[in-house]
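Student: I have a model open on my screen and would like to talk through its contacts and packing. Could you take my questions one at a time?

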Amino acid sequence: FDLNKMSGEFSRAMTKLQKMQKPSGGWPWFEGMRESRYITQHIATGMGHLDNLGVKNVRADAKTWNMTKQAINFLDNAIADDLKYLKRHHLLSYKKNQHLSNLQIQYLYARSFFKDIPIPSQTQEAFDYYLEQSKKYWLSYNNYAKAMIGLANYRYDEKAEVCQLITASLKETSIV
């Protein structure tokens, strides 16, 4: 609970993140490795949590905000690549079948913290596709993924019926 110590630790962590971020905007698991989408989504989600909870105003510090925007750009490109892959390898079934993984769910959730960063035009189709997939196939995921789907949909469309259905499902399956 020493605020000075916590502030110093936070500054050191941000400096380390800034040094480890690759030019693409992604972060590797460890120094010297190539960027990892999974770890980049995890860090971007953490930045969103810090900002959302008021622990740290990510947007107030220019270096931290620039680092976060670069990560979001990296993730936007990755989700667009997912859809390109689907279209190339599953042209006849990509619109009819489920092609939503936990990686895309985490993206939607992480991205929902940063609605003020416009979704690039080359990413919009993929974003819409996976958001629709989440609304259609949410029932086949565990409670953690359902909660991320529900929050992402709520943040993008407050009147989404799927949010109410997910909330009811989570209440039904909760123990405490």
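Student: Is Tyr38 buried, partly exposed or exposed?

Tutor: Happy to start there, keeping in mind that this is a predicted model. Tyr38 is found in helix α2, which spans residues 37-53. Partly exposed is the class between 20% and 50% relative accessible area. Tyr38 has a relative accessible area of 46%, so the class is partly exposed.

Student: Which residues make a nonpolar surface patch with Tyr38, and what is its area?

Tutor: Tyr38 can be part of such a patch because the cut-off is over 30% relative accessible area, and Tyr38 has 46%. Its partners in the patch are Trp29, Phe30, Met33 and Leu103. The area of the patch is about 530 Å².

Student: Let's go inside. Which residues have the most contacts within the largest nonpolar core?

Tutor: In soluble globular proteins, nonpolar side chains tend to be buried together. Here the largest nonpolar core has 43 residues. The elements giving two or more residues to this core are α1, α2, α3, α4, α5 (121-137), α6 (143-156) and α7 (161-173), and the largest share, nine residues, comes from α3. Inside the core, the residues with the most contacts are Trp27 and Tyr130.

Student: Leaving aside neighbours within four places in sequence, what is Trp27 in contact with?

Tutor: Trp27 is one of the residues with the most contacts inside the core. With those sequence neighbours set aside, the list for Trp27 is Leu17, Met20, Gln21, Glu35, Ser36, Ile39, Thr40, Ile43, Met67 and Ala71.

Student: How many of the residues of α4 are buried, and which elements do they pack against?

Tutor: Helix α4 is mostly covered, with eight of its 10 residues buried. These are Gln104, Ile105, Gln106, Tyr107, Leu108, Tyr109, Ala110 and Arg111. The elements they pack against are α2, α3, α5 and α6.

Student: Arg111 is on that list. Which residue does its side chain meet in a salt bridge?

Tutor: Side chains of opposite charge can pair when their charged atoms come close. Arg111 is buried at a relative accessible area of 1%, and its partner is buried too, at 2%. The N to O distance is 2.9 Å, and the partner is Asp76.

Student: How many residues apart in sequence are the parts that this pair ties together?

Tutor: Arg111 lies in helix α4 (residues 102-111), whereas Asp76 lies in helix α3 (residues 62-89). The pair therefore ties together parts whose separation in sequence is 35 residues.

Student: Glu9 and Arg12 also form a salt bridge. About how many helical turns separate them?

Tutor: Their side chains meet at 2.9 Å, N to O. Glu9 is partly exposed, with a relative accessible area of 42%. Both residues belong to helix α1 (residues 3-20) and are three residues apart, so the separation is about one helical turn.

Student: And how far apart are the closest N and O atoms of Asp81 and Lys84?

Tutor: Asp81 and Lys84 both sit in helix α3, three residues apart, about one turn of the helix. Asp81 is partly exposed at 44% relative accessibility, and Lys84 is partly exposed at 48%. The cut-off for a salt bridge is 4 Å, and the closest N and O atoms of this pair are 3.8 Å apart.

Student: How many salt bridges are there by this rule?

Tutor: Besides the pairs we have discussed, Asp51, Arg59 and Asp116 are linked in a network of salt bridges. By this rule the count is eight.

Student: Now for the rings. How many aromatic pairs does a search of the whole structure find, and is the pair of Trp65 and Phe114 stacked, tilted or edge-to-face?

Tutor: The search finds seven aromatic pairs. Trp65 and Phe114 have their ring centres 6.2 Å apart, with 45° between the planes. That angle is neither under 30 degrees, as for stacked, nor over 60, as for edge-to-face; the pair is tilted.

Student: Where do Trp65 and Phe114 lie along the chain?

Tutor: Trp65 is buried at 14% relative accessibility, and Phe114 is buried at 0%. The pair links distant parts of the chain, 49 residues apart. Trp65 lies in helix α3, and Phe114 in the loop between α4 and α5.

How values were computed:
Residues numbered from 1 in each chain as written. Predicted model: local features only at pLDDT ≥ 70, side-chain atom pairs only at ≥ 80, totals over all residues. Heavy atoms only, no water. Helix = DSSP H or I, 4+ residues; strand = E, 2+ residues; numbered from the N terminus. Buried < 20%, exposed > 50% of the residue type's maximum accessible area, 1.4 Å probe, protein only. Patch = residues over 30% accessible without salt bridge, like charges linked within 9 Å, V, L, I, M, F, W, Y side chains within 5 Å. Areas by Shrake-Rupley, 256 points an atom, 1.4 Å probe, with all protein chains shown as cover. Core = buried A, V, L, I, M, F, W, Y, C linked by side-chain atoms within 4.5 Å. Contact = heavy atoms within 4.5 Å. Phe/Tyr/Trp six-rings, centres within 6.5 Å; stacked < 30°, edge-to-face > 60°.
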